[in-house]
Each structure stands twice: as C-alpha cells, then as structure tokens.
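Biologist: Could you pick one part of this model, take a close look at it, and then work outwards from there? Please spell out your cut-offs as you go.

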Amino acid sequence: MMNHLSLKSLAFYGIAIGSVSLLFKVVTAYGEANLKAAPAIAGTYRFDPKSLPECLNSDVLVLTIEQSGVYLSGNLRSGSREGREKTAQEKPSLFGRWETQGLNLSGAVPNLAGCRDSTATGQNSSVKMRGIVEQESLKGKISLTDKTAATDFTAQREAAVQPQKQED
Amino acid sequence: MLACERMALLVRLWYLLPSIELVSIFFDRQFSQLYYPALSIRKNPQAKNAMPIPILVLLEVLIVIALSRLVGLGFRAIKQPQVIGEIVAGIMLGPSLFGLVAPATATALFPAEAVPFLNVLSEVGLIFFMFLIGLELNPKYLKSNLDIAILTSHVSILVPFSLGSLLALLLYPIVSNNSVSFTAFALFLGAAMSITAFPVLARIITEHNLQNTKLGTLALTCAAVDDVTAWCLLAVAIAVTRTNSMIGALPTIIQSLIYIGFMLTVVRWFLQRLSKQYNRTGRLTQLLLSGIYMGVVASALITEWIGIHLIFGAFLLGAVMPKNAGLTRELAEKTEDFVLIFLLPIFFAYSGLRTEIGLLNSPELWLLCAAVLGVAIIGKYLGTYVAARVCGISNREASALGWLMNTRGLTELIVLNIGLSLGVVSPLLFTMLVIMALVTTFMTSPLLEWTYPKRLIRLDISEVNSEDSELENSQMADSSEETANKLLPTYRILVPVANPSTQKGLLRLAVALAQPAAGMGGEDLQSAAVHPLSLIELNDDYAFESTPAEADRIIQERRSKLSELIESLEVPEAQKFVHPIIRVTNDVARETAQIAEIDRADLILVGWHRPTFSSNRLGGRVGQILSNAKVDVAIFVDRGRERLNNLLVPYAANIHDDLGLELALRLLVNSEERRLTVLRVAVDGEAENNLSYEFGRVMDQLPVEVRSRIETPIVEAAEPIQAVVAASANADLTIAGTSREWGIERQTLGQYTDELAVQCHSSLLIARCYVKVRSHLASVLSQTTQY
C-alpha cells in the first residue's frame, strides 16, 4: 500500500494529472474562443399559412425542428387540435443543415392531407425551405419542389425544446 | 452450424428483407386502422374508446419486458452479456427499428404522452440499480495489485479523457449548439470516453472463470478504481453543465465532497450498527428494508438538490453499506429481481426511444461515428495496454486487460442519458455514443477469447487453487508433500457431479475404475486421477450471485461439499488422486466437453438424471454431453448397490462393447473380489458372435489370476435385450455399449433409446466410444458423421 505513495509514484501522478489538466485548459480556452456552434433553433414554429402556396394553404401549419448541431430534421404538420401533440417517434420527413447563411430544409410532407393527393402520380410532393432565425421567429422562403416559385413565410417559435438546467 | 451455413442463412435473410418490409407496412396499416381509435389519445382523451394512460403504460411495459427477455436470451446464445441484448431490445422499440418499420403502430403504442411516465419508472429503476451497483462494490477487490491497478486505471482514464477533449474540438461545431458551453461539452465527452462498465466487466470475468487469476483480479481492481473516478468526473461534468462554467461549479463540488464525507462517516457508522442488529435477528425485516429504501431515495434527492444527479446519492448509499455478507446479500437478493426484470428494461426502452439510428443518414455521419468509436477504443485500449506493459505485465495479459477495460456497456448508457436530458449531448451524438457503447461491449468477449484463450487461463491459476492440479504444469509446481518422482497421472477420469450429496455411487465407481482397491498392494505403476467436476451454472446473468466475490463464495461452498463427499467414500489417500475442478459456466455441456479436451481426460463418467422434457435417460444434459464431448463417455445408472463385485458385460463385437469390456476389465484388475461375465447372445440359432480379435489379444495379455475370474457364456434367446435383463438380476453392475443389440442406440437425430436402462435390474454403465470424424469422406460429402 505504501508503494504507491512513494515519491516516484506521487511525482508520476502529479505530472500526469497536471499535464492532462493543462491540456484540458488549453483545449477549452481554444474552444471557447474560436469554436462556434450552431445556434439552438430546435422547437416548434407556427406558420401563418395564408401566404403559402397550394396545398400548404390549410388553416394552421406547424413546423417542428429537431437539431443536432448543424444537422436538422423536422416535420411539417397541420396545426389544428388533432395534430398538436408531437408523438414520441414521429419519423422526421424533412432533413437539412444549418449553414452560416441560415437553415436549409427539404423533404416530403406526408402529414399534410392536401399535399398527399396533389400530384397526379399520387406521390407525396416535397417542400424546400430556406430561412434564418431571428430571436423567436423564423423567416424565409418556402417552395414546393415541383413548382418553381418560392414564397416568403414567417413562423413564430412556440415551445422551444429546452434542456433541463438547474434553476438556482 | 458451420460458418458457411451461417453465412448462407444470413444472405437468405437479407434478400427476404424487402418482402418483410412490405408485409410489415401492410400489417401496420391494418393494425393502426383497427386499434388507433382505442390507442389514440391524441384526439379526445374524454372519448369513450380512448385508452387511459396507465393502461397504455402497462401495455408498453409488458411489451418491453417480453422483448428484453427474448433478445437478452438471444444474445446469451451468442455468448454476449444478456444486458446488451436488453439494451438492443430497447433500441429496437424506438425509432431506429419499430418506428421505421411500422411507424403508425409505433406511434400508437408509444405516444409522446406516455413517455414522461416511462421516464419516471426508468428513473426509479436507475436509482435502485445504482444502489445495487454500490452494494456490489467491495473493497475486497482492491486488496491485490493495488499499485499496478491504480497506475493502470488512472492512465486508462487520463488517455481517453484527453483524446475525448481533443475530439470535442472536432465535434462541437458540428453536433452541438451554442446553448452548451464548450467546456461542458468537452468535459462530458471526455467523461463518456473514460467510462468502464464495472458491472458488465465483473460478470464477463466471472463467466470466463477469471476471478482468481492474476488477470482477473487486476482487471477488477482497475475497473473498480476506474468506475469510482469516472463517476466523480461525471459529477463534475454535470455540475459544470448546469452552471455552464468551471468556477460556477465549485460550490456544487464542495457540497458534494461534504456530503460524501458525511456518508462515509456518520451514515456508515449508523449502517454498521444496523448490520449488527441484522446479525442478531438473522433476517431482514420489512421495517429495516423500508428504512433502507427510504434512505436510497432520500440520498438520491439530496444529491439532486446539491446539483449532481440522483444516481450518485443512490450509488453512495449502496457503497457505504457495510460489506457484511449476510445483510448485503439478502438486500441484493430482495431488490434485484424486480429492479432487473421490471424497471431496468424500462430504462433501456426509454433510452431506446431517444436513440434514432435513422439520423445517421449520410456517409459523413457514419464516418464521424467511426471516428468516435475509434477514439474510444484507442484511448482505452492503448492507454491500458501501455500502462500495464510499463508495470511489467506480459504482452498477452496487458492486451487482454486493455480489451476488458474497453467494456462500456450499461454504465455508458446511464451517462449518455443524463447528458441527453441535460442537453449537453444532442440526439445525433447520443446515437453515435450509444452505438459506440454497444460495439465496445460487444467486442470484449470475442477479443478476450482471442487474446487470452481458455487454455492459457488454466495455466495462470494462482496459488490459492493449487489443489486444482488438472494440468501437469501446476502439478509440477505443487511443492507439497509429493516426492520428486511423483508420476503424472496417465489415466484421467472426469466426473461431472451435479449434486455432491446424491452422487456418492458415481464417485465410488470412478474411484474403483481409477485405482486398485485397498489391500491390493504394489506400487502405482500406472497412476490414475479422478477429477470430480462441479459446474456452477449462473442462469441469471446480472444477479448479485454472479459478481466475482459471490461466485467465489459459492465455489468455496461447493469445494467443501465435494471434499466431504470424497471423505465419505473412505478410500485411503483419496486426496492423492482425486482432484476436484470447480468452475462457473452458463453452458454445462459445452464446458464439460471443453474441460475434457483441455484436461486430456480419457473418460467422462456421468451420472444419469431425468431430463426435464422427456423421459429418455439419455436425453437432456447427458445427451448434450454425448454430442459435444470428444472423448469416451460412460453413463452410470445407479441402483444403489454398495458393492460392485459381479460384473456383467453383454458383448456384440462393436467398438462400444469393446469399450465397455475394457472398463469392466479395469474394474476386474483393480479388485480381487470382482467377477466378470461376458455374455454373448445368439439369436435364432445363428453362429455365435465371435469375440473380436482385439478382445482375444487383450485376454491373452491378462494375468492368469484375472482370467480365471472371467466367464464367457453364450445364451440362445430370441431377444437379446431380454436375455441381458434376465442375466442382470444376478449382477451388481451391467456394462453395455451403445448399440442396437442392447436397446441403447443412437437414432437419426442424435437421441439415444434407453430400453435397457429402463428394464435392467442391476446398476448399469452405458459406454459410448468416441470415434473421430472419418476424414476420407469429409472432403467429398459436406456432412460429417460422428458416432
């Protein structure tokens, strides 16, 4: 038992722990100063759909975004009472990335009844969204991929997905 | 199954996948249309046919438990820890599999509304599970190799931690968001990389019977030190995350230290008084148990209030419980069943619901995952390996130690879930790290087997087990009263003894086969050894009894029972040639066969016992041994005869009967009082079966005195079996080979018929000779036959 308290061992532990702590300090200093992560934009956004094209023009639209850093996934749903609660395992149908210019999401909208039947082939039409997040709102352009015109939209963030942090 | 057959099956299954998908989509739609109104509470909770939440949660729990058990058993079959199967079952229930294949049904069964309730149940399960982990942490593990262990375990934390922090530089901009500070992120990632799952590791060690070897004790000590250090690191990481800075975490850290001090002093003293109380009464009353459970919850709440997580309080209380065998064991036994079977799988399911393998949908993400995995493996393995080598541990052992320390399993999952809940870890990173945890744990057993195969383990048994002299080397090293010219045994009999109290007859027969009876005189020119084999089957993979300390205790108990049995045989100098082997295993037949091979046994002598699902005496475990073992096997059906003096061998000139005859002759030679009758049966006036040439030669070699005790009558009978049965009325022991004549033949599917065993009047020894694969045909035909 006394062996590991010998001067040599203590010196070794001291140096090892010291150097790792130093490395950690250097790494965190560098990281805090130079590395920027994507802003937290995960959450639920409500649209005013009056200005939206085609089948997206239902009463209320809700966009749910899940974020893992720069990788985004999401769902576009009808915002009426039925579709309000997000299910535990709703498969995201929109995928995209966060870039410095803003977010980029595209994919199918299987949860919107209107859009499912819109095309002749019966396949889901897909949407493409680009936007930036300013405070609690998301502003950008949305288009159906088989139509060329992109329309402006604004959405307000509702319940953001906040991590539990200690309150005191 | 041969490897190529397995591959063919996998390829066939792969091509079936699209059809399976179509079928599942079809059923998914049908199911959800039928039951959606009932299961759905999205629409209107007040609706008549909506399912209330408690019912839904119970349904979910039912599914979770059933699937966990199923998949857990599957993983045990492929020699992996059961708990990994349970983790995979949880992932399967989430969006990674169930949600992918049948999204509507998955949504109906696991809606968002029910998830908080699963969360509550899983937190409760986690708290009590951590309490159990703390209970198992025994300072006994720290007693040996402490200096090497501390060095190795510290390096095995420092290296992955550093690499994890460096990896954070790469990952932070990609998978994290700015609500988390880089410091917290790096700290968490470093801690996640440094974890070693002590519980899973302890079980792997017990299953490989390493707990008394140098490697095993070192690994356990390292992992114990590692575990405690990693939990401390995690506590700091949580504190930093919650306050988002190192300085801000300082009060939390100080409060934690005060609390730990309080627990280690005041509470421990109190618990020691309690355990003395337990010793007096000898049982764990409900009052005492309720007090302890309240303590667990209270301690958890205190640490949560301090700012580190709930689990630490529960773990601490378990750790400070006095390691008094009785109280701890009973407490563990009372708590573990419900926690491990009911609550822990819910935690895995809850975790699985948050694991979305579908998020890794591009090659670059999989590359990132591979990078995480690589860093984790390199950090742990290399760190441990180098540290161990520096301490002078051999190359092979250091490598095995590295793989063992790489096990992350369950503990990692706990850490990751905390990270996800705190928001430090994003869903994508969470999934990657879960994959990392599973892969690293999955690879431990096979890699351990590869670097440190079982035969080497036998050589490494430490001095405590010097009576386990099943290997020549360890016998040579045994420097007790043996003289230098002690002969190594040239004939070894392995005797699986399931229940020491009831197999006296079996052991007596083994001893009679091995050694000349007392009073025969003469030197042991051909010394023989008998190895009673007691295999402790650990069915419950994760129970308290499968921890190394407990396994040791059970092994000692068995050892003393076996010693008692050997004493009761009243054979002089039994200790010289009877050497028990006691092992832990989860597959008795396979282990028996392996030990027979490693030990170079000449014969396996196994007792009969009635198998569970059939009445065939040669089915069940005995049948498995017959199929797996590559040595001659003899099965003893004991009818309780004290003396084995009148031997009967029905003979029909085949290899099995030859073996039976040899065994009979051995018994004959070993005792002057024995008589042998070699019975030949002529059916329908046929020419008699000639004694085989071999037998004739053997007979010629026997001394006259022995030959004079042998009779070789020929009996005419329509049915050979009945003739033998009739003759057995006058015998003490009938020895028959597994041949059709005597109604004991191997059928097509490998089962044996056992007609003679049922009807025989005397005790019966059934002999089966092992014939190696016939290599002439193997290359031409794809099958191999084995007698």
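Modeller: Let's agree on burial before anything else: a residue is buried if 20 or more other C-beta atoms lie within 10 Å of its own, exposed if 12 or fewer, and partly exposed in between, with C-beta atoms placed from the backbone. This is a predicted model, so local features need pLDDT of at least 70 and side-chain atom pairs count only at pLDDT 80 or more, while totals for chains, interfaces and linings use all residues. Residues are numbered from 1 along each chain as its sequence is written, and chains are lettered from A and ligands numbered from 1 in the order in which they are written.

The part I'd pick is α3(B), since ten of its eleven residues are buried, so the rest of the structure largely encloses this helix. (Helices are DSSP runs of H or I with at least four residues, strands are E runs of at least two, and both are numbered from the N terminus.) Walk along α3(B) and you meet B:Gln82, B:Val83, B:Ile84, B:Gly85 and B:Glu86 among the buried residues. B:Ile87, B:Val88, B:Ala89, B:Gly90 and B:Ile91 complete that buried set.

Now step back into the loop that joins α2 (53-77) to α3 (82-92) in chain B, and there sits B:Lys79. Its phi is positive, about 60°, even though B:Lys79 is not a glycine. B:Lys79 counts as partly exposed because it has 13 C-beta neighbours inside 10 Å. So you go from a partly exposed lysine into a helix with ten of eleven residues buried.

Chain B offers another case of that kind. B:Arg600 is not a glycine either, yet has a positive phi of about 55°. You'll find B:Arg600 in the loop between α24 (588-599) and β4 (603-607) of chain B. With 13 other C-beta atoms within 10 Å, B:Arg600 is partly exposed.

From the loops, let's move to helix packing in chain B. Helix α15 (residues 363-390) and helix α18 (residues 427-451) of chain B pack at an angle of about 45°, and their axes lie 9 Å apart. (Axes are lines fitted to C-alpha atoms, for helices over the stretch in contact, and angles between N-to-C directions run from 0 to 180 degrees.) That makes α15(B) oblique to α18(B). (Under 35 degrees counts as roughly parallel, over 145 as roughly antiparallel, 65 to 115 as roughly perpendicular, and the rest as oblique.) On the α15(B) side, B:Leu368, B:Cys369, B:Val372, B:Leu373, B:Ala376 and B:Ile377 do the meeting. Facing them from α18(B) are B:Met432, B:Leu433, B:Ile435, B:Met436, B:Val439 and B:Thr440. By class, this contact of α15(B) with α18(B) has eleven nonpolar residues, one polar and no charged ones. (Ala, Val, Leu, Ile, Met, Phe, Trp, Tyr, Cys and Pro count as nonpolar, Asp, Glu, Lys and Arg as charged, and the others, Gly among them, as polar.)

Another pair to look at is helix α8 (residues 182-194) with helix α17 (residues 409-422) of chain B, whose axes come within 9 Å and cross at roughly 165°. α8(B) and α17(B) are therefore roughly antiparallel to each other. Here B:Phe188, B:Ala191 and B:Ala192 of α8(B) meet B:Glu412, B:Val415, B:Leu416 and B:Gly419 of α17(B). Sorted by class, the α8(B) contact with α17(B) has five nonpolar residues, one polar and one charged.

What about the partner chain? Chain A has two helices and eight strands, which run α-β-β-β-β-β-α-β-β-β from the N terminus on. Of the 168 residues in chain A, 32% are buried. Inside strand β3 of chain A you'll find A:Arg77, a buried arginine with 23 other C-beta atoms within 10 Å. A:Arg77 is 17 residues from A:Val60 in sequence, and their C-alpha atoms are 8.6 Å apart.

Where the chains meet, 38 residues of chain A are in contact with 47 residues of chain B, a contact being two C-beta atoms, placed from the backbone, within 7 Å. On the chain A side, α1 (7-34), β2 (61-68) and β3 (71-78) are the elements that give two or more residues. α1(A) gives the most to that side, with nine residues. The residues on the chain A side divide into 17 nonpolar, twelve polar and nine charged.

Lastly, the scores: the model has ipTM 0.83 and pTM 0.74. For chain B the mean pLDDT (the predictor's confidence in each residue, from 0 to 100) is 80, and 81% of its residues reach 70 or more. Go carefully at residues 40-48 of chain B, where pLDDT stays under 50 and the model has twelve contacts beyond four places in sequence. Residues 783-787 of chain B also stay under 50, with six such contacts.
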